[in-house]
Amino acid sequence: LEYSSQLEAQSRELEQTARKLREANTKLTALSVQKDAFLSQVSHELRTPMTSIRSFSEFLMEGGMDEKAQARSAGIIHEESIRLTRLLDDLLDLSVLENGQVVLNVQTARLSDLLDRAVSSAGVGSPKPDGLEVIRSAEDEGVLLKTDTDRLTQVFINLISNAQKYCVTDTPRLRIVVTRSQDSVDIDFIDNGLGISPKDATVVFEKFVRLTDQASAGSAGLGLAISREIMLRLGGSLDYVPGQGGAAFRVQLPLVWVERLG
Ligand code: ADP
């Protein structure tokens, strides 16, 4: 009797192991499908600039073009190679972030200085005719952050540049609103464009997702994916906030890394 109950226990254990193996196998298959999809997206993204570099260099080699056409072809080759480099840099950055290999360089800085830096790096700020006007709340004064300030600024620059690219209206405006709560600081980037529908808002953070046809402008749909990954590494988050009129993105950092000045 003892022998048979031992056998029963062993067979239950075996069944459990088999179930775990099946589950692991399903997960591995899903991962491999994801990896294949990613590789095919990457090669698609690389092929577009490569194709134009190849055709325009062939035109140049064939000769017989006038000087203006030659300069135009060389210009396209130049632009496309810059785009290719940017794409490869972004892919590398994303892979380092996703694999958790990123080394954080933690420094202390004023939030308002980081926002200043981001606004000027993105090349916006003062209200220009048809340029993006940036409006800042006074709340960011006095917020000191202890974090990887370069990485956080990279996220800010991306959100500001996105407003610049995608906020289509006659008077594009971006409000940057800082709110301190008990355990976190929120930095909202709210523009007055068309915004993003709830359905699209769930996918914009995925790799290679472009809602507007920005392929020609050299956007690969990686900016938000990289930014979200950075925020996770910094112990915070990046989300879309619906119902704000235009597009609204919220950067959140835990308060443990925020101190009051003075
Ligand atoms: P990219 O790096 O190519 O600019 P992102 O990942 O930053 O791509 O953005 C993905 C998509 O999200 C964009 O193609 C755009 O359609 C949409 N998007 C991002 N920011 C905004 C915004 N402020 N307003 C409207 N659409 C936006």
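**Figure 1. Phe 56 is a buried residue, with a relative accessible area of 16%.** The model shown in this and the following views is predicted. Phe 56 counts as buried because its value lies under 20% relative accessible area. Phe 59 has a relative accessible area of 39% and is therefore partly exposed. Both Phe 56 and Phe 59 belong to helix α1, where three residues, or about one turn of the helix, separate them.

**Figure 2. Aromatic rings form pairs in this model, and the count comes to five.** A pair of aromatic rings is described by the distance of the centres and the angle of the planes. For Phe 38 and Phe 208, the ring centres are 5.9 Å apart and the planes stand at 35°, so this pair is tilted. Phe 38 is part of helix α1 (residues 2-62), whereas Phe 208 sits in the loop between α5 (198-201) and α6; the pair therefore ties together parts that are 170 residues apart in sequence. Phe 38 is partly exposed because its relative accessible area is 28%. Phe 208 is buried, at 10% relative accessibility. The rings of Phe 56 and Phe 59 have centres 5.5 Å apart and planes at 90°, so this pair is edge-to-face. In addition, Phe 205, Tyr 240 and Phe 249 make up one aromatic cluster.

**Figure 3. The largest nonpolar core contains 49 residues.** Phe 156, Ile 160, Phe 189 and Val 251 are the residues with the most contacts inside this core. Helix α4 (residues 149-166) contributes the most to the core, with six residues. A second, separate core has five residues, among them Phe 56, Ile 76, Ile 77 and Leu 84. In soluble globular proteins, nonpolar side chains tend to be buried together. When neighbours within four places in sequence are left aside, the contacts of Phe 189 include Leu 115, Phe 156, Leu 159, Ile 160, Phe 249 and Val 251.

**Figure 4. Ala 122 occupies the loop between α3 (111-121) and β2 (133-136).** With a relative accessibility of 12%, Ala 122 counts as buried. Apart from neighbours within four places in sequence, Ala 122 is in contact with Ile 157, Ile 160, Ser 161 and Gln 164. Ala 122 and Arg 228 are 106 residues apart along the chain, and their C-alpha atoms are separated by 19 Å.

**Figure 5. Helix α6 (residues 223-233) has several buried residues, including Leu 224, Ile 226, Ile 230 and Met 231.** Ala 225, Ser 227 and Glu 229 of this helix are also buried. The buried residues of α6 pack against two helices, α2 (67-98) and α4, and two strands, β6 (237-240) and β7 (248-254). After α6 comes Gly 235, which has a positive phi near 80°.

**Figure 6. The ligand has 19 residues around it.** Among these, Lys 165, Tyr 166, Asp 191, Ser 219 and Gly 221 come nearest. An oxygen atom of the ligand lies 2.9 Å from an N or O atom in the side chain of Asn 162. Polar backbone atoms also face ligand oxygen atoms, at 3.2 Å for Leu 211 and at 3.0 Å for Gly 223. The ligand taken alone exposes 550 Å², of which the protein buries 95%.

**Figure 7. Ser 184 is located in strand β5 (residues 184-191).** At 8% relative accessibility, Ser 184 counts as buried. A polar contact of 3.5 Å joins the side chains of Ser 184 and Gln 252. Leaving out neighbours within four places in sequence, Ser 184 is in contact with Thr 179, Gln 252, Leu 253, Pro 254 and Leu 255.

Conventions
Residues are numbered from 1 along each chain as its sequence is written. This is a predicted model: local features need pLDDT of at least 70, side-chain atom pairs count only at pLDDT 80 or more; totals for chains, interfaces and linings use all residues. Side-chain values use heavy atoms; hydrogens and water are left out. A nonpolar core is a set of buried Ala, Val, Leu, Ile, Met, Phe, Trp, Tyr and Cys residues joined through side-chain atoms within 4.5 Å. Buried means under 20% relative accessible area, exposed over 50%, partly exposed in between (1.4 Å probe, protein chains only). Helices (H or I, at least four residues) and strands (E, at least two) are DSSP runs, numbered from the N terminus. Contact means heavy atoms within 4.5 Å. A residue is near a molecule or strand if one of its heavy atoms lies within 4 Å of it. A polar contact is a pair of N or O atoms within 3.5 Å; within protein, one must be able to donate a hydrogen and the other to accept it, and residues adjacent in sequence count only if both atoms are side-chain atoms. Accessible areas come from the Shrake-Rupley method with a 1.4 Å probe; for residues, only the protein chains shown count as cover. Rings of Phe, Tyr and Trp (its six-membered ring) pair if their centres lie within 6.5 Å; planes under 30 degrees apart count as stacked, over 60 as edge-to-face and the rest as tilted.
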